[in-house]
Amino acid sequence: MFERAMVGLHLGSIAALTAIAAASLAWGSGFELLKSKQGAGHWVFIALWLAMAALIALPRRPVAAWKCGVAACVAVCCIAAALGLWRTAPLAFGMAVSLAVFALGAAAATLAV
């Protein structure tokens, strides 16, 4: 159980940060959750992080939890890259390429296990 919880906490943080970045890309300047003056952004991140960690830790085997977590990270990275290209962010193409390279590398590493 400890291994699954640690896998969930580690991979859940990456997925939660990328999901918040994707949400701020989707809603643009109307979504000011990550400003330091607002206290709600930190709590939303923590809640999202713990929820994703719990979902990632659901499979019984630690390897299956790892694959589930990496798949969640890959999916959120692809969504963030697509949203950046859709919103025509200033560095959208370079960021989309780097997220795609990360996603392909993570998927290849997961399939190799």
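Here is a short chat about a predicted protein model.

Visitor: How many helices and strands does the protein have?
Guide: Follow the chain from the N terminus and the elements run α-α-α-α. That fits the count for this predicted model, which is 4 helices and 0 strands.

Visitor: How far apart are the end C-alpha atoms of helix H1, and what span should its 26 residues have?
Guide: Helix H1 covers residues 2–27, and at 1.5 Å a residue its 26 residues should span 38 Å. The computed distance between its end C-alpha atoms agrees with that: 37 Å.

Visitor: Where is the kink in H1 centred?
Guide: H1 has a bend of about 30 degrees along its length. Among the buried residues of H1 are Leu11, Gly12 and Ala15, and the kink is centred on one of these, glycine 12.

Visitor: Which helix gives the largest share of the largest nonpolar core?
Guide: This core has 14 residues, and Val7, Leu11, Val70 and Val74 touch the most other members. H1, H2 (40–56), H3 (62–86) and H4 (92–112) each supply at least two of its residues. The largest share is 5 residues, and it comes from H1.

Visitor: Which residues is valine 74 in contact with, leaving aside its neighbours within four places in sequence?
Guide: Contact here means heavy atoms within 4.5 Å. With those sequence neighbours set aside, valine 74 is in contact with Ala103, Ala106 and Ala107.

Visitor: What percentage of contacts between residues at least 6 apart in sequence join residues at least 24 apart?
Guide: Take the contacts in the protein between residues at least 6 apart in sequence. The part of them that joins residues at least 24 apart is 76%.

Terms used: Residues numbered from 1 in each chain as written. Predicted model: local features only at pLDDT ≥ 70, side-chain atom pairs only at ≥ 80, totals over all residues. Heavy atoms only, no water. Expected span 1.5 Å × (residues − 1). Bend = angle between axes of the 7 residues up to and from the residue. Buried < 20%, exposed > 50% of the residue type's maximum accessible area, 1.4 Å probe, protein only. Core = buried A, V, L, I, M, F, W, Y, C linked by side-chain atoms within 4.5 Å.
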